[in-house]
Amino acid sequence: MALLHPCSCTTPPSPSPILPFKNWTPNRLLFTSPALRRRFPPNRLPPRLRAALAVESPAASGKNRGGDSPEILLEVKDLSAAIAESKQPILKGVNLSVYEGEVHVVMGKNGSGKSTFAKVLVGHPDYEVTGGSIVFKGENVLDMDPEERSLAGLFMSFQSPIEIPGVSNIDFLQMAYNARRRKLGQPELSPIEFYGYISPKLELVNMKVDFLNRNVNEGFSGGERKRNEIFQLAVLGADLAILDEIDSGLDVDALRDVAKAVNGILTAKNSVLMITHYHRLLDYVKPTYVHIMEGGRIVETGKESVAKRIEKEGYNAIPAA
């Protein structure tokens with residue numbers, strides 16, 4: 001994933017891309033870290049840790065934040081998908097194009113397909129693609145395993161991050177970070193070097209240093225878990241960050257901190273796809289485009305005014321799918 005900020009210390013800058021690791025559905029193993037697999041063989045992993053080590057599961061435009069001739073990062077054409085077990089169709093022809101430096105927001109009623117769309121992008125095993133295509137940085141995502149997608153630069157944060165007992169934040173992130181450096185043929189950072197790299201990023205999410213020694217999400221409030229998601233994004237990097245309701249459950253102060261962090265990691269070369277129900281997030285993170293989903297399709301695309309209209313008139317104001 002693209003490094004979003006150069007390190008302010010003397011340690012080596014973070015590579016691009018970097019492996020994103022998140023948390024996910026308890027009974028699925030997705031986006032598992034190679035470093036963690038080596039440290040904890042699968043047959044010896046506690047069930048909750050096995051689950052946590054997996055990542056849960058528009059119209060084209062050309063504007064970016066300061067660069068010339070932005071390249072397309074993601075192009076989705078006529079994407080259809082169903083629940084793998086029941087074969088119930090959820091996505092019914094989604095089209096979306098995301099260029100470098102853009103912020104795209106997806107809104108819609110519950111059950112409209114927003115979170116399913118995000119999970120299909122990262123390869124969640126609970127869904128199967130039944131039609132269409134997903135191209136990310138010129139490569140066919142549908143030919144990639146979930147871990148390959150994450151290595152390519154896709155990062156996803158989830159609505160309800162789960163905890164990982166026994167694994168501290170700093171150990172978790174250092175294993176993930178160094179796994180990517182090994183893949184790139186770069187030397188691993190020592191614990192001291194990594195601490196020097198990671199510490200300034202705490203300021204981005206307004207968290208204290210002792211947060212690093214706490215186990216991943218264990219005993220965290222809802223707001224702390226959301227900050228931790230953005231902290232992982234800042235440390236590990238992403239070409240395209242998919243943020244699923246990152247604003248849910250946040251008070252005003254926490255929302256500002258999270259939004260400030262999201263703005264802080266945006267560059268002319270990376271992009272964000274945010275899923276939200278509320279306009280309030282857009283008071284702090286200004287979108288390039290707002291998309292409305294209904295019935296498994298994007299039925300309307302526009303500027304921030306679309307979200308303001310939805311807030312005022314409700315989803316009854318959108319066209320039928």
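Which residues is isoleucine 292 in contact with, once we leave aside its neighbours within four places in sequence? Keep that in mind while you look at the model, which is a predicted one.

Here is the list: Met107, Arg297, Ile298, Val299, Glu300, Val306, Ile310, Tyr315 and Ile318. Now, where does Ile292 belong? It is part of the largest nonpolar core, which has 55 residues. Ile292 is among those with the most contacts inside that core, together with Phe194, Phe231, Leu243 and Met274. Helix α8, residues 252–265, supplies the largest share of this core, with 7 residues. There is also a second, separate core of 30 residues, and Phe136, Val141, Ile275 and Met293 are included in it.

Okay, on to the sheet. Six strands make an open sheet, and if you walk across you meet them in the order β6-β9-β10-β3-β11-β12, with mixed pairing. At the edges sit β6 (154–157) and β12 (297–302), each pairing on one side only. From one strand to the next, the twist averages 20°.

Let's zoom in on one pair. Strand β9, residues 240–244, runs in the parallel sense with strand β10, residues 271–275, and 5 bridges join them. If you want a spot to find on screen, try leucine 240, which stands opposite serine 271 in β10.

Last stop: what packs on the sheet? That is helix α9, residues 304–313, which touches β3 (103–108), β11 (289–294) and β12. The direction of helix α9 makes about 45° with that of β11.

And that brings us back to our opening residue: among the contacts of Ile292 are Val306 and Ile310. Thanks for listening, everyone!

Technical notes:
Residues are numbered from 1 along each chain as its sequence is written. This is a predicted model: local features need pLDDT of at least 70, side-chain atom pairs count only at pLDDT 80 or more; totals for chains, interfaces and linings use all residues. Side-chain values use heavy atoms; hydrogens and water are left out. A nonpolar core is a set of buried Ala, Val, Leu, Ile, Met, Phe, Trp, Tyr and Cys residues joined through side-chain atoms within 4.5 Å. Buried means under 20% relative accessible area, exposed over 50%, partly exposed in between (1.4 Å probe, protein chains only). Helices (H or I, at least four residues) and strands (E, at least two) are DSSP runs, numbered from the N terminus. Contact means heavy atoms within 4.5 Å. Two strands pair if DSSP finds at least two bridges between them. Axes are lines fitted to C-alpha atoms, for helices over the stretch in contact, and angles run from 0 to 180 degrees between N-to-C directions.
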